[in-house]
Amino acid sequence: MYDIPSLPYSYDALEPYIDEETVRIHYELHHRGYLNKLNNLLNKISFQKNYTLPELIQHIDELPIEERGEILFNAGGVLNHNLYWQSMSPLKNNHPVGNLSRAINEQFGSFENFKNEFIRQASLMQGSGYTFLVINTGGELEIINTSNQETPYLYGLIPIMALDLWEHAYYLLYKNRRNEYINNFFNVVDFVEINKLYEENI
Ligand code: MN3
């Protein structure tokens, strides 16, 4: 049985940029919903292996083919939301630090360029999905979009920063003003946490 980390801050901690009700529903109902469905699916097939979730994704071909789609969807839903909550905090750590800061400056020229590129990619997302900062197999940073609950682990990429672009992530507060939500994400992003993931995985 898999579990999810506790939310690392209170439901109202990201106000005014992400409202309390959205965070509560998003974490308690959506995120936990993916977890419960994943555990039920794995129970149903009496899955016993002791894989981490990224390992489960990498070994998906060991599971019955007719269950794989739903298991991938829900395992992705768990992993992607774990990272989304971890990517944010109320601590105002919204400028890159450490080795991540160096890598961003080397690859994107400046933090401003990186931020503009991340916002540009996010604004191009069609339908439901995520914008991720990932480490690719060559150890370089990349900004990518994935659809629905597809996780970058499926492509051998290691995600270190996630922005949820499903309507449930912003609609209560922002209605159809998705670009405002995307821009405000940079007020609550936590680069201390993201740098930790970068340094652990590089
Ligand atoms: Mn979501």
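## Asn74 and Ala75 in helix α3

N74 is buried, with a relative accessible area of 2%; buried means under 20% relative accessible area, exposed over 50% and partly exposed in between, with a 1.4 Å probe and protein chains only. N74 lies in helix α3, residues 65-86. Helices (H or I, at least four residues) and strands (E, at least two) are DSSP runs, numbered from the N terminus. Not counting residues up to four places away in sequence, N74 touches Y34, K37, L38 and L41, where contact means heavy atoms within 4.5 Å.

This is a predicted model, in which local features need pLDDT of at least 70 and side-chain atom pairs count only at pLDDT 80 or more, while totals for chains, interfaces and linings use all residues. Residues are numbered from 1 along each chain as its sequence is written, and side-chain values use heavy atoms, with hydrogens and water left out.

A75 is also placed in helix α3. A75 counts as buried because its relative accessibility is 1%. Its contacts, leaving aside neighbours within four places in sequence, are L38, L53, L56 and I57. L38 is thus listed for both N74 and A75. From A75 to H95 the distance is 30 Å, C-alpha to C-alpha, with their positions 20 residues apart in sequence.

## The manganese site

Four residues coordinate the manganese ion at 2.0 to 2.2 Å: H26 (NE2), H81 (NE2), D164 (OD) and H168 (NE2). Donors are N, O and S atoms within 2.8 Å of the metal (3.2 Å for Na, K and Ca); water is not among the atoms, so the site may look incomplete. The spacing of the donor residues in sequence is H-x54-H-x82-D-x3-H. The pair H26 and H168 links distant parts of the chain, 142 residues apart: H26 is in helix α1 (residues 20-44), and H168 is in the loop between β3 (158-164) and α6 (171-174).

H26 counts as buried, because its relative accessibility is 1%. H168 is buried as well, with a relative accessible area of 19%.

## Ile104 and helix α7

I104 belongs to helix α4, residues 98-108. With 0% relative accessibility, I104 counts as buried. Apart from residues up to four places away in sequence, I104 touches P96, G109, S110, F111, F114 and L141. I104 and P16 are 88 residues apart in sequence, and their C-alpha atoms are 28 Å apart in space.

In helix α7 (residues 178-188), the buried residues are R178, Y181, I182, N184, F185, F186 and V188. They pack against α3, α5 (111-124), β3, α6 and α8 (191-201).

## The chain as a whole

The protein chain has eight helices and three strands, in the order α-α-α-α-α-β-β-β-α-α-α from the N terminus on. Its radius of gyration is 17 Å, which agrees with the value near 17 Å for a compact globule of 202 residues; the radius is taken over C-alpha atoms, and the globule rule is 2.2 Å times the number of residues to the power 0.38. The C-alpha trace spans about 50 × 40 × 30 Å along its principal axes.

Of the 202 residues, 50% count as buried. Among contacts between residues at least 6 apart in sequence, 67% join residues at least 24 apart. The chain exposes about 9700 Å², of which carbon and sulfur atoms supply 47%; accessible areas come from the Shrake-Rupley method with a 1.4 Å probe, and for residues only the protein chains shown count as cover.
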